[in-house]
Amino acid sequence: MGQMKNRWLIALSAVGIHISIGSVYAWSVFTNPLQQQMGWGLKQISFTFSLAILFLGLSAAFLGHFVEKFGPRVSGTLSSLFFGVGVAGAGAAVHFESLLLLYLFYGVIAGIGLGVGYITPVSTLVKWFPDRRGLATGLAIMGFGFAAMISSPLMNHLIQTYGISNTFYILGGTYFLVIFCSAQYLAPPKAGWVPKGFDSTVETSGNKKLKQDLRQLTANEAVKTRQFWALWIMLFINITCGIAILSVASPMAQELVGMTAASAAAMVGIMGLFNGSGRILWATISDYIGRPNVYTLFFAFQIVAFFLLPNLTVGILFSIIVYMIMTCYGGGFSSIPAYIGDLFGTKQLGAIHGYILTAWAAAGLVGPIFVSWIRETTGSYQGTLLVFSGMFIIALAISLLIRVDIKKLRALNETPVLNKMDNLKSS
């Protein structure tokens with residue numbers, strides 16, 4: 001049945017899952033209502049979001065092998081249960097006025113659903129789109145990035161109409177249904193399947209040849225390579241600096257270029273649009289110029305961008321550069337699954353992707369704390385931005401060094417072919 005499925009409907013199912021779990025980015029909509037009704041502090045409420053992102057990274061790492069073993073339908077169903085119960089359980093936490101229950105349900109249980117749901121469709125899409133890996137993963141992860149734009153007004157309306165607890169119940173049930181139904185269509189293609197018009201091995205009868213993966217490694221084999229840790233560090237730096245900018249964009253804009261609070265708030269809202277669009281834009285570009293080139297462009301641009309930001313005095317220029325940084329931030333998420341496939345193959349891509357996403361969990365904790373610490377230590381955001389520019393110099397160097405390994409691996413892959421051709425000529 002696998003090869004009878006429509007791969008674009010597989011992609012649509014993936015978008016359905018990511019739009020649902022991506023609603024976690026709209027958590028701040030609950031902040032003021034929870035403060036007013038429950039009397040909880042801002043830090044207490046914000047910790048719920050941090051906890052969910054932490055368990056996203058941890059569950060993605062620890063359950064990646066589960067996704068590979070049982071397949072996307074089972075793991076997607078598991079995600080629907082955890083995320084649906086976690087969100088609905090947050091309603092019970094509010095009903096019983098228990099902050100600990102809120103942490104348990106939304107932070108831990110929904111967070112586990114987030115991690116499983118995030119990696120489940122991505123590994124499947126890479127296998128269905130060997131010719132357009134970037135586009136396919138970009139579509140799904142774009143859904144995660146744009147989810148807050150869809151969820152925020154809906155959540156606000158539900159809170160005003162039905163109250164906080166009922167809003168969590170409604171959302172939990174809705175997300176469960178969307179994720180569960182989407183997961184039922186997910187399935188990997190049969191072994192040896194290739195898109196129409198392509199050949200997996202040679203160019204014959206006008207067929208296009210698919211680009212071969214450098215290796216086919218298991219997750220445990222991949223983590224022992226320096227290429228894995230190169231990807232991990234690059235993603236960690238990209239996410240750390242991006243999350244840091246997201247967490248302080250409004251006060252930074254007001255301090256550095258004198259934006260009004262209203263203008264800075266508008267800039268923050270537009271940042272979400274560029275975060276989401278960057279995911280599909282850069283991932284699609286990576287299909288044409290290659291993943292190594294995309295990451296090198298990310299880092300080269302951001303070295304300059306973070307160096308320029310503290311020296312700008314015009315609000316519109318500041319905003320444009322921040323928007324471009326956001327496209328790189330989003331693009332880093334969407335391009336990494338295809339990069340993993342190129343380097344390590346699709347044998348256990350979901351598990352490898354899960355291990356890589358521990359960089360997200362680490363960056364989610366480090367980024368906001370780091371930028372706040374430097375701000376308090378130096379008394380200005382200027383020092384923070386210069387430190388970030390230096391971090392991207394390290395990331396750029398790694399992105400260039402990994403090319404040396406890729407070149408060597410390609411040479412090794414081509415050697416047997418060249419030897420075989422020489423033998424044929426000599427015979």
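Helix axes are lines fitted to C-alpha atoms over the stretch in contact, with angles running from 0 to 180 degrees between N-to-C directions. The structure is a predicted model, in which local features need pLDDT of at least 70, side-chain atom pairs count only at pLDDT 80 or more, and totals for chains, interfaces and linings use all residues. Residues are numbered from 1 along each chain as its sequence is written, and side-chain values use heavy atoms, without hydrogens and water.

Helices α5 (residues 99-128) and α13 (residues 349-356), which are DSSP runs of H or I of at least four residues numbered from the N terminus, pack at an angle of about 135 degrees with their axes 9 Å apart. The contact (heavy atoms within 4.5 Å) involves Y118, I119, V122, S123 and V126 of α5 and L349, G350, H353 and G354 of α13.

On a 1 Å grid over the protein atoms alone, a cavity is a set of points where a 1.4 Å probe fits but cannot get out, whereas a pocket is an open set with protein on both sides within 12 Å along at least five of seven lines; lining residues have an atom within 4 Å of a point. The largest pocket has a volume (the space filled by probe spheres set on the points) of about 1600 Å³. Its lining comprises 37 residues, with Y25, S28, F49, L246 and S247 nearest the centre.

One cavity of 30 Å³ or more is found in the whole structure. The largest cavity, of about 40 Å³, is lined by S23, F30, V87, Y106, M155, F168, L171 and Y175. Helix α7 (residues 164-185) supplies the largest share of this lining, three residues.

Notes. Helices (H or I, at least four residues) and strands (E, at least two) are DSSP runs, numbered from the N terminus.
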